[in-house]
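Open the model in your viewer and keep the selection box at hand. The tour below goes stop by stop.

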Amino acid sequence: MTQTSQAKAQTMRAVALDKFGGPEALKIQNIPIPEIEADEVLIRVEAAGVGAWDPFEREGRFVEIMGRKPTFPYVLGTDGAGTIAAAGKNVSRFKEGDRVYGAELANPKGGFYAQYTALKADNASLIPGNLTMDQAAVLPTDALTALTGLEKVLGLKSGQSLMVFGASGGIGHLALQLAKRLGAKVFAIASGDDGVQFVKQLGADSAVDGRSDNVLNAAKEFAPNGIDAALVTAGGDRTNRALSAIRKGGRIAYPHGVMPEPTAPDGVAIEAYDGEFDPALIERLNNLIESGPFTVHVDETFRLDEAGKAHEALTEHHLGKIALRID
Ligand SMILES: NC(=O)c1ccc[n+]([C@@H]2O[C@H](COP(=O)([O-])OP(=O)(O)OC[C@H]3O[C@@H](n4cnc5c(N)ncnc54)[C@H](OP(=O)(O)O)[C@@H]3O)[C@@H](O)[C@H]2O)c1
């Protein structure tokens, strides 16, 4: 290999920010491939998830909250999937070529909007079931956030009733299916007629359009004595009205980031939380996914050089998730 082609091989295409800003700040650049530590893997990325929180990170608000000094060029992309290109010397779980997915919020080595990313091996996993790369790419943060909310925060038990507010969205459509798998009865509040059709197909026991006015009547029919618990992924007056259907002694959970923050009726506990990433929870998620047919819905896929458009699409009505194709 000549020196020039060797130097070329050590760089990659990425969407990188030179400064925080609007969608126009997302630019294709050639930047160095990150180096891995002993406990990390290098992933040859095939697809990245576009998170509802990505614009927030693009504007520099995560590093501000985390009190970190950012380094530029800054590569976004919490979630993604691809194959193992190299594994650090302490990593025995993965070998070159394994199909993996993984996630890390504001990874200081750069995220998944790139041909390669360096990730802690503990944050990566083999892809469960027969998910495609695009489906696996959009899965981890929203699915782990759903599972953390359902099991750790709400303590959802088989036979209990659950309201999912925002059920046709990223977290919502995954939470609904996971809750069914945990034996709950699900009242799904989706967005639009297409959202209602979608969540019915995913197995909701009852489904209603949260932008219409019949939510409380439908909730009363679903659970005349009130619903046991709620997972909320969108806030506002309609959310707070819907939450009056939760029974006294019931529980509400919502991930940090849901704005405006939901409020609970008297006698109902409410908790904001963050999704957890750990190998045990990832394994639990994989087992739940593999225990039957599971839908990870990718509504739209954009090319890497269309990352700005993908961010704009986040602000428009859509079902499930949005992905970026890296190749
Ligand atoms: N703290 C954490 O660990 C963590 C992790 C992941 C995500 N989050 C945060 O959690 C929130 C949700 O994430 P997400 O990925 O699920 O976002 P999302 O895909 O945008 O889901 C929100 C859903 O709520 C729907 N919605 C809005 N108003 C509604 C209404 N009145 N009735 C019914 N549905 C309604 C939206 O529909 P439309 O498409 O029509 O707008 C959308 O489908 C975001 O704020 C995100 O940043 C936090």
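## Stop 1: an aromatic cluster

Select Phe72: this residue is partly exposed, with a relative accessibility of 37%. Keep in mind throughout that this is a predicted model.

Add Phe20 and Tyr74 to the selection. Together with Phe72, these residues make up one aromatic cluster. Across the structure, the count is 5 aromatic pairs. One of them is Phe20 with Tyr74, an edge-to-face pair with 5.1 Å centre to centre and 70° between the planes. The planes count as edge-to-face because the angle is over 60 degrees. Trace the chain between the two rings. Phe20 sits in the loop between strand 1 (11-17) and strand 2 (27-32), while Tyr74 belongs to strand 4 (residues 74-75). The two are 54 residues apart, so this pair links distant parts of the chain.

Now look at Phe72 with Tyr74. Their ring centres are 6.3 Å apart and the planes meet at 45°, so this pair is tilted.

Which ring of the cluster is buried? Tyr74 is, at 9% relative accessibility. Phe20 is partly exposed, with a relative accessible area of 22%.

## Stop 2: the antiparallel sheet

Stay with strand 4 and show its neighbours. Here is an open sheet of 3 strands, in the order 2-1-4, with antiparallel pairing. Strand 2 and strand 4 are the edges; each has a single partner strand, so one side of each lacks a neighbour in the sheet. Strand 1 and strand 4 pair over 2 bridges, in the antiparallel sense. To see the register, select Ala16: Val75 in strand 4 stands opposite.

## Stop 3: an enclosed helix

Select residues 307-314, which form helix 11. Of its 8 residues, 6 are buried, so the helix is largely enclosed by the rest of the structure. Colour the buried ones: Ala307, Gly308, Ala310, His311, Ala313 and Leu314. What do these residues pack against? Their contacts include strand 1 from the previous stop, along with strand 3 (40-50) and helix 2 (54-58). Strand 15 (298-303) and strand 16 (321-325) are also packed against them.

## Stop 4: the parallel sheet

Next, bring up the sheet of 6 strands. This sheet is open, its pairing is parallel, and its order is 11-10-9-12-13-14. Strand 11 (206-209) and strand 14 (269-273) stand at the edges. Each has a single partner strand, so one side of each has no neighbour in the sheet. Look along the sheet for the twist, which averages 15° from one strand to the next.

Select strand 12 (227-232). How many of its residues are buried? The count is 6 of its 6, so to speak a strand that is mostly covered. On one side, strand 12 pairs with strand 9 in the parallel sense over 4 bridges. Val164 has Leu231 in strand 12 as its bridge partner. Strand 12 also pairs with strand 13, again parallel and over 4 bridges. There, the bridge partner of Ala229 is Arg251 in strand 13.

Move to strand 10 (residues 185-190), which pairs with strand 11 in the parallel sense over 4 bridges. Ala188 marks the register: this residue stands opposite Ala207 in strand 11.

## Stop 5: helices on the sheet

Show helix 6 (residues 170-181). This helix lies across strand 9 (161-165), strand 10, strand 12 and strand 13 (246-255). Its direction is at about 170° to strand 10. Then show helix 7 (residues 192-201), which lies across strand 10 and strand 11 and runs at about 170° to strand 11.

## Stop 6: a helix with two faces

Select helix 8 (residues 215-222), whose buried residues are Val215, Ala218, Ala219 and Phe222. View the helix down its axis: the buried residues fall within an arc of 100°, so they line one face. The reason for such spacing is general: an α-helix has 3.6 residues a turn, so residues three or four places apart point the same way. The face turned away from the buried side of helix 8 carries the exposed residues Asn217, Lys220 and Glu221.

Turn back to the buried side. Its residues pack against strand 9, strand 10, strand 11, strand 12 and helix 9 (237-242).

Finish on Phe222. Where is Lys185? Lys185 lies over the face of the Phe222 ring, at 4.8 Å from the ring centre.

Notes. Residues are numbered from 1 along each chain as its sequence is written. This is a predicted model: local features need pLDDT of at least 70, side-chain atom pairs count only at pLDDT 80 or more; totals for chains, interfaces and linings use all residues. Side-chain values use heavy atoms; hydrogens and water are left out. Rings of Phe, Tyr and Trp (its six-membered ring) pair if their centres lie within 6.5 Å; planes under 30 degrees apart count as stacked, over 60 as edge-to-face and the rest as tilted. Buried means under 20% relative accessible area, exposed over 50%, partly exposed in between (1.4 Å probe, protein chains only). A charge sits over a ring if NZ of Lys or CZ of Arg is within 6 Å of the ring centre and within 35 degrees of the ring normal. Two strands pair if DSSP finds at least two bridges between them. Axes are lines fitted to C-alpha atoms, for helices over the stretch in contact, and angles run from 0 to 180 degrees between N-to-C directions. Contact means heavy atoms within 4.5 Å. The arc is that of the directions from the helix axis to the C-beta atoms.
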